[in-house]
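Trainee: Got a minute? I'd like to walk through this model with you.
Mentor: Sure, put it up.

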Amino acid sequence: MYKEKIINAQTGEETWRDYTKEEIVEAQAIQKKIDEQLKAILEKQKLRESALNKLIALGLTEEEIASL
Amino acid sequence: MAKQTFTTGSVLTAAQMNSLQANDYNWTVDSKAASYVLQASDAGKRIEMNAAGATTITVNTGLFTAGDMVYLSNIGAGTCTVTAGTATVNKSTNASLALGQYQSGMLYFVSTSSAIFFPYDVGSSGTTKNFTLINSAALTGATTITISGISNQDNLLVTFENASSVNGTVALYLRINADSGANYNYHGMSLTGGSTYAAGNQANISTSNDTSYTVGQLSSNAASLFSGYAMILGGATSGVKTILSAGSGSAGGGNGQIGYTTGGWWNNSATITSISAISSSGNFDNGTLRIYGSA
């Protein structure tokens, strides 16, 4: 699944190799961090959206909400 | 006329005197069409390289003495690089050992094993150096695409055109010389495409000692495309390499794409020999990676 394609700019030769076990572990750790960061952002946005809906339900206008 | 040693009783002929005089006013030209290793007899000559492809002029120890000079010029289209063989070749910080077409310089020996190269026209024009395409690679079929065989490139422009991974929520990042050490530092602006607007979507990014240089992120949708660039400066010299980068993923029907505009540096003194474009997850399945360089 994890592969590297290496192209030699001098000769044009293409070689392929599989990631090492250590490189796969590192790549998966990076991806996990990216997923967690995005999840945190989206959860925060979901909370905000929920709060805005509640304010609208209380009768506040969009202008009033924006002024908060 | 090759240099020779005169001793008491030696006869300097008229022909030799004329040759000496001629060389003094019009240095002997020795044309080369391929890479060349300097010989002792080259002292006081002009080595004129004329080749369509890249060539080298190699400098070895034990052939010249202090004060010897060799004039090196290149009239060919291929870049000719003055290369230290067994001898040391020094130059000023801003000078280059690479001679483009119609460039020249003087190789001055300070000892039998050490020379200084004085290029004649470095920086004289005051104009931006030309960039040429080093390689253009399809971003498909691999998680990492590496362009190797890069040499003597002071400045490198790396561009991503519509890069994509088979997965969504994927960061695209760069590594230099396959270095996965904590040597990448970047700071600047981050914009995240969320499902709704939030002030926090616009943020700063301040990353020190990372194991790669992130240029942006694809959205949660695998159809998201990324375009961007990184300009890498100082690639052919020692010292840290500065990096200027910008790019963003498209929404592609999802969200969570991130655009970065950053400046930073690769904390490594090695000259640049390869650039890797990496997808944090899944093989690339679209796009073009291009690397332009200027010597």
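Mentor: One term before we start: helices and strands here are DSSP runs, at least four residues for a helix and at least two for a strand, numbered from the N terminus. Also keep in mind that this is a predicted model.

Trainee: Fine. Where does Asn152(B) sit, then?
Mentor: In the loop between S12 and strand S13 (155-165) of chain B. Its phi is near 55°, which is positive, and the residue is not a glycine.

Trainee: Is Asn152(B) buried or exposed?
Mentor: Partly exposed, because it has 18 C-beta neighbours inside 10 Å. The buried class begins at 20.

Trainee: Which other residue besides glycine has a positive phi?
Mentor: Ala178(B) is one, with phi near 60°. Look in the loop between strand S14 (171-176) and strand S15 (184-192) of chain B. Ala178(B) has 14 other C-beta atoms within 10 Å, so it counts as partly exposed.

Trainee: Back to S12(B). Why is it largely enclosed by the rest of the structure?
Mentor: The strand covers residues 144-148, and 5 of the 5 are buried, so the rest of the structure largely encloses it.

Trainee: Which residues are on which side?
Mentor: Thr144(B), Thr146(B) and Ser148(B) are on one side. Ile145(B) and Ile147(B) are on the other, and both faces are covered. The general rule is that side chains in a regular strand alternate between the two faces of the sheet.

Trainee: Which strands pair with S12(B)?
Mentor: One comes from chain A: strand S1 (residues 3-8) pairs with S12(B) in the parallel sense, over 5 bridges. Strand S21 (residues 275-279) of chain B runs antiparallel to S12(B), and 4 bridges join them.

Trainee: Give me some residues to click on.
Mentor: Glu4(A) has Thr144(B) as its bridge partner. Ile7(A) stands opposite Ile147(B). In S21(B), Ile147(B) has Ile275(B) as its bridge partner.

Trainee: So the chains share strand pairing. How many residues make the contact?
Mentor: Chain A gives 23 residues and chain B gives 27. On the chain A side, S1 and helix H1 (21-57) each supply at least two. H1(A) has the largest share, with 13 residues.

Trainee: And how do the chain A residues divide by type?
Mentor: 10 are nonpolar, 5 polar and 8 charged.

Trainee: What's chain A like overall?
Mentor: It has 2 helices and 2 strands. Along the sequence, the pattern is β-β-α-α. Of its 68 residues, 9% count as buried.

Trainee: Which residues of H1(A) are buried?
Mentor: Ile34(A), Leu38(A) and Ile41(A). What covers them includes S14, S15 and strand S17 (213-217) of chain B.

Trainee: How far apart are the ends of H1(A)?
Mentor: The end C-alpha atoms are 53 Å apart. At 1.5 Å a residue, the 37 residues should span 54 Å, so the two values agree. After the helix comes Gly59(A), with a positive phi near 105°.

Trainee: Switching to cores. Which residues touch the most other members of the largest nonpolar core?
Mentor: Ile147(B), Leu172(B), Leu174(B), Tyr213(B), Ile275(B) and Ala277(B), out of 41 residues. S14(B) gives this core its largest share, 5 residues.

Trainee: Ile147(B) and Ile275(B) again, the bridge partners. What does Leu172(B) touch?
Mentor: Leaving out residues up to four places away in sequence, its contacts are Phe160(B), Ala163(B), Val215(B), Gly216(B), Phe226(B), Ala277(B) and Ser279(B). Apart from this core lies another, of 20 residues, including Ile57(B), Ala87(B), Ala98(B) and Ala115(B).

Trainee: Ile57(B) is new to me. What is its bridge partner in S6(B)?
Mentor: Val82(B). Strand S4 (residues 55-59) and strand S6 (residues 80-84) of chain B are parallel, over 5 bridges.

Trainee: What sheet is that?
Mentor: An open sheet of 4 strands with mixed pairing, in the order S2-S4-S6-S8 of chain B. Strand S2 (36-37) and strand S8 (98-99) are at the edges, each with a single partner strand, so one side of each has no neighbour in the sheet.

Trainee: Great, that's enough to start clicking.

Conventions:
Residues numbered from 1 in each chain as written. Chains lettered and ligands numbered in written order. Predicted model: local features only at pLDDT ≥ 70, side-chain atom pairs only at ≥ 80, totals over all residues. Buried ≥ 20, exposed ≤ 12 C-beta atoms within 10 Å, placed from the backbone. Pairing = 2+ DSSP bridges. Contact = placed C-beta atoms within 7 Å. Nonpolar A, V, L, I, M, F, W, Y, C, P; charged D, E, K, R; others polar. Expected span 1.5 Å × (residues − 1). Core = buried A, V, L, I, M, F, W, Y, C linked by C-beta atoms within 7 Å.
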